[in-house]
Structure formats: C-alpha cells, structure tokens
Amino acid sequence: MMSPIIVGQGLAGSLLAWEFLQRGIIPTVYDPYASTTSSRIAAGVINPLIGKRKLQLSWNAERLLPAALHTFRRMEDELGVPILRTPPILRIFATPELREQWKGMQGGKDVSWLRVDDVPDGTYHGIDVPHGGILVHDAAIVDFGAVIDGVRARLHAHGAVHAHRYSGGAAHATVIWCEGWTMAQHPLWNWIPMEPVKGEVLDVRISTLDAQQIVVGECAIVPMPEGTFRIGSTYDWDDLTELPTASAREALLYQCGKVVHDAVEVLDHRAAVRPAARSKRPFVGVHPEHPDHAVFNGLGTKGGLVGPFYAHQLVRHLLDGAPIDEDVDIQQWWTS
Ligand SMILES: Cc1cc2nc3c(=O)[nH]c(=O)nc-3n(C[C@H](O)[C@H](O)[C@H](O)COP(=O)(O)OP(=O)(O)OC[C@H]3O[C@@H](n4cnc5c(N)ncnc54)[C@H](O)[C@@H]3O)c2cc1C
C-alpha cells in the first residue's frame, strides 16, 4: 500500500496513524490542530460499567478494554510520554434500586471478569454515598491530548504533518477520513447515520477532594495530572456549536455539589461536539463506490474504549484484507 493520507488527527486519526507506524508505514496527516475539539476537551475516562438509571456493561467491553489498555501502554512506552493512569472508579448509586440492581447483576457471567469492590452506605474518602456504591478497578484515564501530541511529533519527524485542513487533491493514495462530527456534512459520507452531540466540561479546583479515584455519580469528577479536576459532561443534540453555556455550567456545578460539599473554583469551561453514531457503534470501512476512500469515525462518547481495537482492525483490513466486524462496517448503511 502507498503511504495513506489521514484527514483529521483527533483521537481517531492518531490511533490510525499509530497503527500504520507500527506496520512501518508513514501516513501523511492533515489537521488544523484547533485547541477545542472533542478529543482535546474529553476527560478520557474508560469506564466499562455505564448507565445513569440502570447499570450495564458497555458494549463489547470485555474485548475492547484489554485492547485499549494494551495500545495506550505501548504508546506511552514508545512515545516516552505519560498517557495512561489507572485509578478506580467510585460509582455512586443514586437510589437504593440501583444498589439492588447491581446485586442482581453481580453473579452474572457478563460482569464476572470485572474487578469490583462494594462500598457501603455512608461516606467514602469524604464523598457522600448514601445508597452505597462500587469501586470499579478495571478503569482508566487516557490523556487524549498527549496521544495526539505524541503521534504528531513522531509524524513530524518524518515531515508527514500538514497543520491545515485537507482540501482534496494529490489523492493517488488511499484517503482515510477521521474528521470527527463534521463528517455528517461531508458529501462522500453523509449517508452514514451520525448523531452529533455537544458536550461541556468544567476544569475546577477542589482543594479538599481526594484525587485517588474517578467519581461517577450524576456527573463524573475526574482527577487531572495538574491536581485539578474535570467535571463532565452534558449532552445537547440541538446546539452544535463550541460555545460554553451558562445552563450547562450551572447543571454541572449542581450535580457536583450533590457529592462534594466543599468550595469548587471554576478554572475553565469548554464545549465541543462528539462524533456520535445513532447506532452507538463506530463507523469503520471503505466507501462502497470509491475504494480509495475509507473512514474511521463515530467514536461517540467512548473513544478511549472503542478506538484502539477498531483502528487496529481497519489497518489490518486495509493492509491484509482482514475482515471488519459486521456491526461496525459502514457497508450496512449503504443503500444506493
Ligand atoms: C465533553 C466531552 C467529554 C468526553 N469525555 C470522554 C471520556 O471521558 N472518555 C472517552 O472515551 N471519550 C470522551 N469523549 C468522546 C471523545 O472525545 C471522542 O470519542 C473522540 O475524542 C473523538 O475523536 P475523533 O478524532 O473522532 O474526533 P475529533 O476529536 O473531533 O477530531 C477530529 C479532527 O479532525 C479535524 N478535521 C475535521 N475536518 C478536517 C479536514 N477537512 N481536514 C483536516 N482536519 C480536519 C478536526 O480539526 C479535529 O482535530 C468526550 C467528548 C466530549 C465532547
């Protein structure tokens, strides 16, 4: 295969570029490298147990989690930058029903592989857990910014980075589109059912909060390397701008206040649009009518968990002809 072109170097484009580099191929990458993108503002939490009102295992987590940890650890080693932290998640039960539901799930083989400790009612390291909770040890925080910067530096050393938008041309190579949510407007890909969703986060200082775990209740409170916390996030399907809103700030501080009673100092407030899929599955594959164009997108709310496995799968498909899983292959959406 000739050296491919990757359009967009957020988390998706970075993971794909990384997989090509692992195979000795240097892709050419285009991205304007804006400071506020989905990948740049994400807290980077990998959480295998999801659901606000009903706990459930994240789709395919048993297969995706080991692949994600393996990839990010390897990147950290080879790029020589800190990328992965593995604190547990304190999942707070909002209601007694949730605690009962967890008890019912506990014996099932779906979750038997997860390392989880029960947290009794009361307080846990100063955090209110009136209906108890669990400590999920199979969790992680990935610094997506460090992934992007690390891969960019590696590509830059080969002169393979163009720090501006791709506008076509020079396409005697395969072009792989990783443009994030704006794919929904791209004439080549607008038949794929993207459902972009805006999210907002606050970076805050809470001097009294223990930074040994990620807290997930009504919102997530994520310890950041600088000693601050990132609180997130909100969901808005109508306003697809990158403008932070007063209502989201208020909602996040209200949710945080239910768990933490100390002063919260807001340092930063940002918004971006997630490239989410209506099917809640990523978009992977080659265009049915334009075989020189492929796509890797739709990482949605879980880029850290989902991205590494399918970036690997797409590169194996392009280089070795290995199959793409049917439930993520974009061929399923093609009708004409
Ligand atoms: C508030 C918020 C919180 C989140 N929290 C988490 C979390 O805790 N854990 C988790 O796993 N995920 C989280 N996510 C989701 C995560 O951010 C995404 O799954 C992932 O980062 C998407 O990566 P991407 O590369 O597909 O898209 P993007 O990050 O949007 O990157 C796309 C890139 O393509 C570039 N681009 C677009 N068009 C062109 C063009 N024509 N030429 C060149 N470049 C182009 C853009 O500039 C951009 O850099 C969160 C998202 C948000 C918004």
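Trainee: What makes the pair between the ligand and Asp31 a polar contact?
Mentor: An oxygen atom of the ligand sits 2.7 Å from an N or O atom in the Asp31 side chain. The cut-off is a pair of N or O atoms within 3.5 Å, so that pair qualifies. Keep in mind that this is a predicted model.

Trainee: Which other contacts does the ligand have, say with Arg165 or Cys178?
Mentor: For Arg165, a polar side-chain atom is 3.3 Å from a nitrogen atom of the ligand. With Cys178, a backbone N or O atom lies 3.4 Å from an oxygen atom of the ligand. As for cover, the protein takes 93% of the 1,000 Å² of accessible area that the ligand has on its own.

Trainee: Which elements give two or more residues to that shell?
Mentor: They are helix 1 (11-22), helix 2 (38-41), strand 15 (197-205), strand 19 (265-274) and helix 7 (303-320). By residue class, the shell splits into 16 nonpolar, 14 polar and 6 charged.

Trainee: How do you know that the ligand lies between domain 1 and domain 2?
Mentor: Look at who supplies the shell. Domain 1 (5-42 + 144-192 + 278-333) gives residues to it, and domain 2 (197-274) does too, so the ligand lies between them.

Trainee: Why is Arg230 called buried?
Mentor: Buried means under 20% relative accessible area. Arg230 has 9% relative accessibility, so it counts as buried.

Trainee: What does the side chain of Arg230 reach?
Mentor: From its place in strand 18 (residues 229-232), the Arg230 side chain reaches the backbone oxygen of Ile41 at 3.1 Å. The Arg230 side chain also makes a polar contact with the side chain of Asp203, at 2.7 Å.

Trainee: What makes helix 1 mostly covered?
Mentor: The count: 11 of its 12 residues are buried. Among them are Leu11, Trp18, Glu19 and Phe20.

Trainee: How do you know that the span of helix 1 agrees with its 12 residues?
Mentor: At 1.5 Å a residue, helix 1 should span 16 Å, and its end C-alpha atoms are 16 Å apart, so the two agree. Just after helix 1, Gly24 takes a positive phi of about 80 degrees.

Trainee: And what of the span of helix 5?
Mentor: Helix 5 (residues 144-156) has 13 residues, so at 1.5 Å a residue it should span 18 Å; its end C-alpha atoms are 18 Å apart, which agrees. Its buried residues include Phe144, Val147 and Leu155.

Trainee: What caps the N-terminal end of helix 5?
Mentor: Asp143 does, with a side-chain oxygen 3.1 Å from the backbone nitrogen of Gly145.

Terms used
Residues are numbered from 1 along each chain as its sequence is written. This is a predicted model: local features need pLDDT of at least 70, side-chain atom pairs count only at pLDDT 80 or more; totals for chains, interfaces and linings use all residues. Side-chain values use heavy atoms; hydrogens and water are left out. A polar contact is a pair of N or O atoms within 3.5 Å; within protein, one must be able to donate a hydrogen and the other to accept it, and residues adjacent in sequence count only if both atoms are side-chain atoms. Accessible areas come from the Shrake-Rupley method with a 1.4 Å probe; for residues, only the protein chains shown count as cover. Helices (H or I, at least four residues) and strands (E, at least two) are DSSP runs, numbered from the N terminus. Ala, Val, Leu, Ile, Met, Phe, Trp, Tyr, Cys and Pro count as nonpolar, Asp, Glu, Lys and Arg as charged, and the others, Gly among them, as polar. Domain bounds come from an automatic or database domain assignment. The expected span of a helix is 1.5 Å times one less than its number of residues. Buried means under 20% relative accessible area, exposed over 50%, partly exposed in between (1.4 Å probe, protein chains only).
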